[in-house]
Amino acid sequence: MTEINLDERAAGILAGVEQLLWIDGRATEASTGEWREVRNPARRGEVIGRVPAAGVEDVDRAVSAARRAFTEWRSVHFTARSKALLAIADSIEAESEKFATLTALDTGNALRTQARPEVATLVSLFRYFAGAAAESKGVTLPSGDDQLQYTRREPLGVVACILPWNSPLMIAAFKVPAALAAGNTVILKAADDAPLTIQYLAQVCQRHLPAGVVNSLTGRGSVIGNALSTHPGVDKVSFTGSTEVGRGVAAQASERLAHLSLELGGKNPSIVFPDAVEDEGILDGLMASSRFARQGQSCTAGSRLFLHEDIYDETLEKLAAKLGAMKVGDPLDEASDMGAVINASQFEQINGFLEDGRNHPDLTTVLGGSAPAEGHLTEGFYHVPTIFGGARNDFRLAQEEIFGPVLVAIKWKDVDEVVRMANESHYGLAAYVWTHDLDNALNTAHRIESGWVQVNQGGGQVVGQSYGGYKQSGMGREASLEGMLEGFTQIKQVNVKLRG
């Protein structure tokens, strides 16, 4: 294969990148006539494209298109919907390297460790829900010879999917194919800071779907997100993002009793029992659960590391060495394990937490602790892996979601104590338990107040696995058959009196 340098590859992907809105099957500018620049997280100030700054009128246009398309799409036989989803998956897979490169440029996520796996997840979930399209079915009740009583699972209608910037394609994969398989039409709201991959996904969808089935908007969340949440023509709002913003979306959608699902923040416990260190793979597992390969910008990051006192020092030392060896660099560099955080605001927010950690009298800086001050990493919004030791569960760094590559290590001695600390959080998205004692593994997993618990592994979402949070980490489930049925359909009961 001919070698191509990174700048040439990026230039090829971005040539003429001036993404448009997708409304009613057509690419269109915003009614406002305004545009927003998309900047490269890896190179401060570098503009890599621009997208329309849509307004309320554009939301109206998209909703009208989606409502018109819904009438036909809901009536399409499930085999036709399945065929369309499979065709979309094939198209994405055929252009997977373009999607991955665009993702790395758009988000700052490293190409090898994050961008390519994200595209693979997108393909897998389109195929999974193509297979699940036939499962949106009802039941017949045994009601006697003079009655036919049955239920129908019907689509909700127009679904607004409001997406985040950290893993836009993966989160779109949780929502879009499930909504389509169930017979809904979709309006995507791409994240302000990472819209390019979503707009290209919408473009690919147009090849295989009737006009208006998938629409996609770009622009400020305070304008587009609010308009979608309050629009009477939107039947469901599916939001992924911060808990703070999610509360506002929920308030707006609930005001008109719209269907709603929320996947919000997390401050997730990772509990290591003494026997777990006998497994040579535990360090790799802890690295994966830390989500440092995604710069810690993941709501499922196991950022509260509970180490039993008997193995605290040894495990922390080994983990610090492993995390410290990660290569932080250009997201397009195949050698990079970890890329750049999304923007200046997020970079400074992480800096604030690091300053608190460095200045806290009870915390010790085991690894990192500050952003690079010189060298090529200062060209972008780069942070390095950081571990603070000596933490207590009530410290700010152990309670607030940092959304950066920062772990806080906390000692524990008693199982009841560590379960209590794990649950002392208003979040409840993910958790990790590390032990080879089956009783400890299952009892701890069952007692933790989280919607998603992994035992002896730190990997990501598995296709078909129900995903969602407890408490203020959200409501509803995604990425699974039950998520599709509960989140994108509603039940109609039909009773028919038969003549004897």
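Two strands count as paired here if DSSP finds at least two bridges between them. That rule comes up again and again in this predicted model, whose chain has 16 helices and 22 strands.

A good place to start is strand 7, residues 158–162. Strand 7 pairs with strand 8 (residues 185–189), and the two run parallel, joined by five bridges. One of the matched positions is valine 158, whose bridge partner in strand 8 is threonine 185. Between these two strands comes helix 6 (residues 168–181), and together the three elements form a right-handed β-α-β unit. Strand 7 also pairs with strand 10 (residues 236–240), again in the parallel sense, this time over four bridges. Here alanine 160 has valine 237 of strand 10 as its bridge partner.

What about the surroundings of strand 7? Five of its five residues are buried, so the strand is largely enclosed by the rest of the structure. In a regular strand, side chains alternate between the two faces of the sheet. Strand 7 shows this nicely: Val158, Ala160 and Ile162 point one way, Val159 and Cys161 point the other way, and all of them are buried.

Strand 19 (residues 452–455) tells another story. Its side chains alternate too, but Trp452 and Gln454 are buried on one face, while Val453 and Val455 point to the other face and are not buried. Strand 19 pairs with strand 18 (residues 430–434) in the parallel sense over four bridges, and valine 433 stands opposite valine 455. To get from strand 18 to strand 19 the chain passes through helix 15 (residues 438–447), making a right-handed β-α-β crossover.

Just past strand 19 sits asparagine 456, in the loop that leads to strand 20 (470–471). Its phi is near 60°, a positive value in a residue other than glycine. With a relative accessibility of 31%, asparagine 456 counts as partly exposed. Phenylalanine 403 also has a positive phi, near 55°, and is likewise not a glycine. This residue lies in the loop between helix 13 (396–399) and strand 16 (406–412). At 16% relative accessible area, phenylalanine 403 falls under the 20% cut-off and so is buried.

Elsewhere, there is an open sheet of three strands in the order 5-6-22, with antiparallel pairing. Strand 5 (140–141) and strand 22 (489–497) stand at the edges with a single partner strand each, so one side of each has no neighbour in the sheet. Strand 5 meets strand 6 (residues 147–155) through two bridges, and threonine 140 has tyrosine 150 of strand 6 as its bridge partner. Helix 16 (residues 481–488) lies across strands 6 and 22, at about 70° to strand 22.

Now for the chain as a whole. Its radius of gyration is 23 Å, which agrees with the value near 23 Å for a compact globule of 500 residues. Along the principal axes, the C-alpha trace spans about 75 × 60 × 45 Å. Of the 500 residues, 57% count as buried. The chain exposes about 19900 Å², with carbon and sulfur atoms supplying 49% of that area. Among contacts between residues at least 6 apart in sequence, 73% join residues at least 24 apart.

Notes
Residues are numbered from 1 along each chain as its sequence is written. This is a predicted model: local features need pLDDT of at least 70, side-chain atom pairs count only at pLDDT 80 or more; totals for chains, interfaces and linings use all residues. Side-chain values use heavy atoms; hydrogens and water are left out. Contact means heavy atoms within 4.5 Å. Axes are lines fitted to C-alpha atoms, for helices over the stretch in contact, and angles run from 0 to 180 degrees between N-to-C directions. The radius of gyration is taken over C-alpha atoms; the globule rule is 2.2 Å times the number of residues to the power 0.38. Buried means under 20% relative accessible area, exposed over 50%, partly exposed in between (1.4 Å probe, protein chains only). Accessible areas come from the Shrake-Rupley method with a 1.4 Å probe; for residues, only the protein chains shown count as cover. A crossover is right-handed if, with the strands pointing away from the viewer, the path from the first strand over the helix to the second runs clockwise.
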